[in-house]
Structure formats: C-alpha cells, structure tokens
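This report describes selected elements of secondary structure and packing in the model shown below.

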Amino acid sequence: MCFSNKAAAYGAVLSQVYRDHPVLLRFSHDTYAAKRAILENQKRTNGTRQDAIAKIMDLTGLGQVKQQVMHIKGIIDMMNRQGVPTKKERLNLVLLGNPGTGKTTVARLYAQFLQSIKALPGNAFLEITGSKLAFEGIQGAQKLIDDALKVGGGAIFIDEAYQLASDLNPIGKQVLDFLLAEMENRVGTIVFILAGYNKQMEKLFEHNPGLPSRVPYQLQFADYTDQELMSMLEDLVYKRYNGRMKVDDTINGLYARIAIKRLGRGRGTPGFGNARALQNKFAKIRQRQAERSGREQSSGIPVDDFFLDKEDLIGPDPSEVLSVSAPWAKLQGLIGLESVKNSVRNLFALLETNYQRELAEKEPIQISLNRVFLGSPGTGKTTVAKLYGQILVDLGMLSNGEVVVKSPADFIGAHLGHSEQNTKAILESTRGKVLVIDEAYMLYNKSATDSYKTAVIDTMVAEIQSVPGEDRCVLLLGYKDQMEEMFQNVNPGLSRRFAFEDAFIFEDFTELELVQILEYKLNAQDLSATDEAKKVALEILSRMKHRPNFGNAGDVENLLGQAKARYQRRMASVPASRRMEVVFEPRDFDLNFDRSQNASENLAKMFADIVGCDEVIKKLEGYQRIAKLMKEKGRDMRTLIPSNFVFKGPPAGTGKTTIARKLGQVFYDMGFLASGEVVECSASDLVGQFVGHTGPKTKGMFEKALGKVLFIDEAYRLGGGLFAKEAMDEIVGLMTHKHFMNKIVIVLAGYEHEMNTLLGVNPGLSSRFSEEITFQNMTTDQCLELLDKELQKQEIVVPELSNKTSLAYLEMQGVVVQMSALPSWGNGRDVKTLGKRMTQKAFANWASDEILALPAEEALGVMETMLHEHQARQTSARTAPAWGNIPVAVVNGFSPPPPSMSSISKSEAPKRLPAPPQRPPSSEQPQVPQRELLHPKESTEDQPPTPGHSRRDAGVSDAIWNQLQADIKAQEETRRKAAEEERRLEQELQEAEKQAELARTADLERAKAMEQANQQRANLNQKREIERQLKDIRRRAAERKAEAEKAAIALKKKQEEEAEKKRKELEVQQKLQHMGLCPMGYKWVRQGDGYRCTGGSHFISHGNLAQ
C-alpha cells in the first residue's frame, strides 16, 4: 500500500518547535510527553483550544497513532501559518488494526479536530459498515453523502471497509468505485475514514490503484501491551466501583498480572479484541466473583461484595477443580476408553503444572486445546468432546464452553468464496466454545482436487492460530486411516494447528466392554435379558467387530432394537399385561442362535450334494471342534484355526469355488466371520493398470471382503509381471495389518504346478498360506454319483445309476471315460450339465400321473450326444486359427511394463556390430498373405512362430551363426518328437477304446445269453458256474476300462504339458516382440541361458527377460 509521504514537512515543523522552545528537547525521547508539551506550548502562544487532539493524547497506549496524528496536525498548522487554504487538502484517513484498539474513538476525535480548525465546514459524523453499504448499493452511498452535505459536510466513517471489495458481492466494488470519485469531488467538504484489519484492507487497496492517492494518511493501531492493558483494567475497576473495590494482592499484584498476561498472549493474532477482550475478561472475573459469593452465602460465610480474590481473577486451581468436576467424573465413569482417559489426564496434569508456573511468574508451557479424536464410529468421540469442553470451562480455559457440533457439509460452499465465508462465520461464532467437526476427513478428496474443500482447510489454517490465550477449542473427529491420509495431503499448516501425534485414540470396545454397554442400555430402558441371551448377543457382536466400520456402541443399540422387534413378534399373542416385563431370550437376538451346537450336523447337510470331498469335511470338522473347545475355555479360536488356504487342482469342475462358498458358511457358523458371503475375484481384479494403481485396488478388494471369504481364482498369475508382483506384496502386507488380520478368510486357487511355483518364489506368501487342499479330477464313479444326486434334487429316478453292477452303469462309465479323456472335460461342471439335459428330457416325457423316471437308454443317449458335441468341438479347435498375434495384455489380462533397454548389458551377449539399416519390407522381408494368417497350414497348427524368413545380420560370426542354426534344428526336432509322442498316445488311446468297445459288445452279448440260460436252468451248480463267468466278464470289462482310462490320462497329461510349454513359449515370443529389441522383427530362438534373434546379432538373458 502506497501513501503520500509528508514526513519531511512534519519534521520541519518539529524542528521549528524545538528551536523556538528548547525546553521541549528533553521530551524528545518520550513521544507522548513531547506531543503534550507541544500542545501546551501552542495553547500558551497561540491561545488555540484543541480539545479533540488532547483527548487523543489522553488515550491509553496508541503511541504510534498519536505520533501520526501529530504529523497530520503539524502539516495543517504549517499550512495555516503559510496562509494556504486547507479546503483543497485531501485529509481522508485509513485506520488499520485489531478490534478494540480505539479506531472508532480516534475517527470521531479526528473529525472533531478538523471541524475545530475549520478544515471541514460541517459537523456531520456518519457511521456505517462496509457490508451494509455494499447491500444498499450506490443509491445508499449517495444518500449518505447527501445527509452529510445537509449540515455543510463532515466525516463519513466506514468500518470493516474491506467488505466492499468482497468477491461475494459485486455491488460492493461498484460502491467503492463510486466513493473514489466522490472522494475527489468532495475534497474540503467531506472526509472519508476507512477502518479494518490489516490483511483484509490490502485487498481493498488492490482494487483500484487510485485509492492510495485519495486516502493519503494511515494510522496503524497496534495491540495494547500488558502494561497498557493493566492500566486499563485498573481504570475500569476504579471507575465501575468508584474506588471501593479491593483486589487480592492489589490491582497491580501477582494475580492481576497473571490475568493480564493470559489475556495478552492473544496479542498479534488477527481478531485479538484488545479493550473488548479486556471487558470480556472483566465480565468473567465478575461472574466468578458472583458464583463464589453465592457459594459462601449458602455456606453461611460472611461475604465482602467489594473484594476480588485470587480465584476470581485467575480461576480455580486445576487440581481442586477436577476433584469436584461433574463432567470429569462422568468421563471417568464411561465404559472403556482408557487410552482417552489417560490422554485427558496428561493434558490436565500439564494445566496443573502451568498453573504453578504462573504463580511463580514463569512462562507456562505452551499447549493447544485443539485436538484430533481418532476412532471408529460409536466409540464415544462426540460424548467425550462435550465433556472435554465442559471440563475446560470448569478450569477457566474457555469463556463460554458450549459445544457446537458441525459436519464438513456445514463448511463447504456452493460457489467460489462461499466456503471461506462459511468457515469464517462458524469459527467466529464458536469463539470461546468447543467446535466439534465430525467426520472431518471428508474435507479432503483423495481422488480429485476439490477447491471448495481446500478453501475450508486453508481458511481454518489462517483463522486458527493454536497459540496460548486463544479463546477457542476445535476438535477434529474421524477414522484414523482417513484422517492420517488427510493430514498428509492437505495444507501443512493444519498439522501445526492440530498435533496429530497427540491425538486422542478411541479404540474399539472389547467384547467385555460391549457386554457392559449392553447391560447399561438394558438397565437404562428398564429391560432385561437371560444369561444365555447375553451370550448370544456377545457372539453376534463378536462377529460384527470384524465387519467394515463396526459401529461399537451404535451397533449395540441396533442389536437391541432388533431384539425388541423380535420380542414383540414372539409375544404378539400374549396379553399386554404379560408383555410389560420384557425379558429377552436367545432367539430374540438371533433366530439361529444354536447354529454352533448343530455345526457337525449342518456341515454334513451342507456337503451332502458334493462328491469326493471327504478330506475337506474331515478338516472342517476338526476346526469346528477346536472352535467349540476354545469358546468353552474363553479363548480366541483365531489363534489356532487357519484363515488362509491354497486350493490346487485342475482348472474346471473339481469344486474349488463351491467349497470356498461353503467354507464361508462354515466359518460364519463357528463365529469366525461376520458373514458367510464369499467375494470372488481373479488376479486381474487386483492388478492395476499404471504405477500406484495396484495397491489401492488390492486394498479395496480386501475392504470389500472384510469379515467374509476372499476367493482369488487363477492366483498363479500374480507371480508374473511387475504390477502382479506388487499386488502379491500388497496381499502379504495386508494380511498382517491389524485391520484385516484374522478377520478375513483368503483362498488362493489355481493349477497345482503353477501354484507350487508361485508359493516357491515368494517365501512370505508360502509361510502365510500353510493350509493346502488339493483337488483331483473326478473318477467315473464319482461323476455318476454326482449325476445321480443332481437328478434326485429334481426327484428324477434313473435306477441304473445306483446299481454299479448293472450293464447300463458300465456303459455310462464308458461314456464318462471317453468324455474325461478330452482336453475340454469340465469334471463336475459337465456332470451338472448332463444332469440338466437329463432333467429336460425327463420333464419332456413326463405324464402327470407317472413318477419322474428316465430310462437308461435315454440317459445314455443324452450322454452320447454330449460326448459327440465335445469331440466335434475338439476337432474344430485343432483347425482353429493360431493366436500368436494376440497381445500379452489380452492373454494375461494385464500387460507388464516393457523392460528398460538399458537393462540388457553387452556383457551378457557376444560382442556384436551395430544393427544393419532397416530394409524395405517388399524387398527383404517376405510378406505372409492375409489368407495364410487367417488359415494356417495344418502342419504348423500348434507350433509357435518359426524363425524362418530371416537373414543373417551383418557382423555375425560364423561360430554364432552355426550354433544358432543348430539350436533351431534342435528345437524343430524336439517339437517333432513331441508331436510323434502325442500321436502315439492318441493311437494307443484309440486302440484301447476300440478293444474295450469290442470286448464290451461281446461281453454284453455273452452276458445276455448266460442270463437267459441262468433263468432256464434249474441245476444249482450250473447257475453258480454261469454267475462265476458273469463276474469274470465284468472283471475283464473293468480291466479294459482301466486300461482305456490309463491311456486317456497319459494322453491328457502329455497334451497339458505340451500346451503349457507352447503357452509359455508364446508369451516369451510376444514379450520379446513387444520389447522391440530386434529392429527387423525376427523371431527368437532359445540359446544357452537366454534367447537370440534368428538374425543372430541380438541376445537377451533369461534374467533380463524376467525383469
């Protein structure tokens, strides 16, 4: 801000005065005395009476203001002596400073002074605020000027003038522009006096560069010193009681000094009240005096109404207050919250220390009343906040003590500037009170920058100083993780105002404390519950503790509400007189309260529809026994029952997902989980797409599965790729986090070999997943047993499925053997599909008066139809297009970042010459026709891209080139042998199936003939011989079937091994192409400990390829 500099003129005036009156030189170091001496001298020599200036000089303090006033007076006096008229002199004034410093008083006296010396023709003094003037607009400003002109002129005083430049009201700026013109037009008639706080007034003067020249004089009102405040207090007490009030240790004694020092600690902060604050302080002193007098009168102690004692002046001794404080006693009586109680005790112990330091006239240890309350919902944060504020009032730390609860929505505005306005208004209205901001973490938006929320935080940082003497207590409430994230990412000044490390931590209530809360609520509502009912309630609350955002006392109240509703339904038929005494029973809290007692029976029913899971059931039964015994002994079952499992086995239909779903219900029945729900995901649901995305994505999935089962299918894919490994590390970290540990059951599922590899390369993961369940391909008997169960669910009967010795059963086994030999075989999944088709067939043939039955011939027909469909699909798959050009991102579900080119060191490959220049594709690289890409030749259908059509790079040595060609031939030979081995196994399988079919047909004919003979012959020995031959037929059929199954298994294993080799080789080739190491785009050949392009000049090691 630039103001006209007339200090030189004022210096000339003072120099002249000192020359004329040398006696005044002895006052030169005492500004106030010098000004008074000058005034007295002028009265003697000039006979002028300047009472207004004298009154300014008589004001307490304000030395700088007085000097500036004398500066202005000196200029005017000199102009009068020079005969220069003052009516053309701009005498507009700006007053800067905190409230209560006398700005209005000085403005009024300044106007009187100008009127007394005829610098103003009229005696008008009109007061208005900037906000009111902005509201009234230009019309209101014109009326104000007209009112002043009616009496000839005068002064217009605009308090809080900075409100005219507010962005919230554009009319204010229009008024300000209007006043600028009027200031120029009304020179010598009207003086404009603007007042406001320093920082806010800067914006006013920035609005128009012409404003400083029109308001040339500035008076800076400094905050009063302790000595000045003490003088003002003395004057205040003397005038109010006409000198009759006595003060403990005198008005200038120790206790009065302590009171003034406490008040003065707010000095220098925006909004410090100065004289107003002193008046409020004096009002508090009188209030304490009245309360003390009332207590003494009630006790019969003589009262001296004209005596202020130590307690009246500085408040009670904290150590004495806490012993009789009702809020403190109530806080101590709250259930749990030991950590919070200890934190409050420590704070108040520090207050006691400061009280003793003040009595010794030592500076107190600086502490802030502002606090952060961290904890889950329902832990008593708001309740404690109210008690905390009431205790501070009892200790005299706050002037009001009312507790005001706000949410972030109360602060956030609807347009620019509105958030700042709301925040300032709330902070100003809660001065002297406790302001509680619940769920304060909502003032931070981590996903995007929110200027409205940022404005709230920035305004709080500016307005809350957190210094001694600040009559304010602000409490920020919220969850620990969210609050910590907010403090780390918003204005750093917030951490200085609210010490996060000194936060009050509200721990979740223990199970014992939850029971105490339940009993407290029952007693408070004149309700009761049986001991068994309380145990059931505790079990429910124990489960609920492992859900996200457990509500603690709030959830106890919700549980009680549900019990009331169930009690009313249960007792609906009972007369109202008998319902009056409410006694809750176990069923009122949980309809299935006895689930843990029937756990074994429930387990058998739960797995009744699953075939081949005896080992799983046995393991779960063991867990149930452990849980029951641990509960009986009052111990935590989670210390002995595992919560992390690995499911390994074939890809489809072996029951991994089904078992996981039932696992959730089993663990819920044991009381281990809060819900029986299963959250299913795959590796791609955990892996991010860019740096920093994986961690939050994985944690989000864990949050979703808290208190449930998290089933991660195809988990082996977490072993490859940078982001996938990051997800795996995040999983390991989250498993040991307090928020998730033993509160979630995690199941990693995948192929056996791949899962073993994943666990082998990550020791941290292997040690945390010690429980493994291996799933095998279902046997033919298990498949048919499951098929029978599926049909029985629909009440469909196929008698042959329950008779393993029947010929139809043997034929069904043969079909299942052929289906299971196909690579697309889905185990239980395909069996259930068979069941659905047979059900459709049975219902299509059903007559309403018949039993739902399906003849064996029709059942076999359905099975053979499905077998032919799968065989046809397999044949089509063999002639399908090659997928060599699919990007890695599609094959894997996520794309690992390409390794850095710099990671391939020259030391890892033979020294090579620079790559040859790019050749035009038309002349050097044969193009594969589009038709060939879409329809590759049969001979290369399953092979990875061959390294043909490449040329020897320049500079490749003969040794490297010859070795490369040998490696290419060796790989082709390996592929050829593998193909021959697969064809041999296919031939063996076909031959075994053919022989088994021929033998089965012959055996069936012989068996039918022998059964007819058995019915016709009566000889017992002949019947026995026939039965023996039948058994021998069935045995041979079983042997042939076993041979066929063995051949099918061998073929399938070989096919799976070859398919896995091809898949891995395909991924390597795609990754190498994606890295772009070979500028010619040649294929790559495995060579030694790495890969070399078929041009010969580029090599990469396995180590660098894996990065």
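## Helix 16 and its surroundings

Glu361, which follows helix 16, has a positive phi near 55°. The model is a predicted one. Helix 16 comprises the 22 residues 338-359, and its end C-alpha atoms lie 32 Å apart; this agrees with the 32 Å expected at 1.5 Å a residue. Its buried residues are Val340, Lys341, Ser343, Val344, Leu347, Phe348, Leu351, Asn354, Tyr355 and Glu358. Because these residues cover an arc of only 160° around the axis, they fall on the same side of helix 16.

## The two open sheets

Strands of a sheet pair through backbone hydrogen bonds, in either the parallel or the antiparallel sense. Both arrangements are represented here, as the table sets out.

| Sheet order | Pairing | Edge strands | Average twist between successive strands |
|---|---|---|---|
| 16-17-18-15-19 | parallel | strand 16 (678-682), strand 19 (771-774) | 20° |
| 20-21-22 | antiparallel | strand 20 (1084-1087), strand 22 (1099-1101) | 25° |

The sheet of five strands is open, with the order 16-17-18-15-19. Strand 16 and strand 19 each have a single partner strand, so one side of each is left without a neighbour in the sheet. Within this sheet, four bridges connect strand 17 (residues 709-713) with strand 18 (residues 745-750) in the parallel sense. Val709 has Val745 as its bridge partner in strand 18. Helix 29 (residues 614-632) packs on the sheet, where it touches strand 15 (644-648) and strand 19. The direction of helix 29 makes about 155° with that of strand 19.

The sheet of three strands is likewise open. Its edge strands, strand 20 and strand 22, each pair on one side only. Strand 21 (residues 1090-1093) runs antiparallel to strand 22 and is joined to it by three bridges. Gly1090 has Ser1101 as its bridge partner in strand 22.

## Nonpolar cores

In soluble globular proteins, nonpolar side chains tend to be buried together. Which residues touch the most other members of the largest nonpolar core? In this core of 60 residues, they are Leu91, Leu93, Leu95, Tyr110, Leu114, Ile193 and Leu219. Leaving aside residues up to four places away in sequence, Leu219 touches Val65, Gln68, Val69, Leu93, Val94, Leu95, Leu96 and Val106. A second core, separate from this one, has 54 residues, including Ile391, Val436, Phe550 and Leu559.

Notes. Residues numbered from 1 in each chain as written. Predicted model: local features only at pLDDT ≥ 70, side-chain atom pairs only at ≥ 80, totals over all residues. Heavy atoms only, no water. Pairing = 2+ DSSP bridges. Helix = DSSP H or I, 4+ residues; strand = E, 2+ residues; numbered from the N terminus. Axes fitted to C-alpha atoms, helices over the stretch in contact; angles between N-to-C directions. Expected span 1.5 Å × (residues − 1). Buried < 20%, exposed > 50% of the residue type's maximum accessible area, 1.4 Å probe, protein only. Arc of directions from axis to C-beta. Core = buried A, V, L, I, M, F, W, Y, C linked by side-chain atoms within 4.5 Å. Contact = heavy atoms within 4.5 Å.
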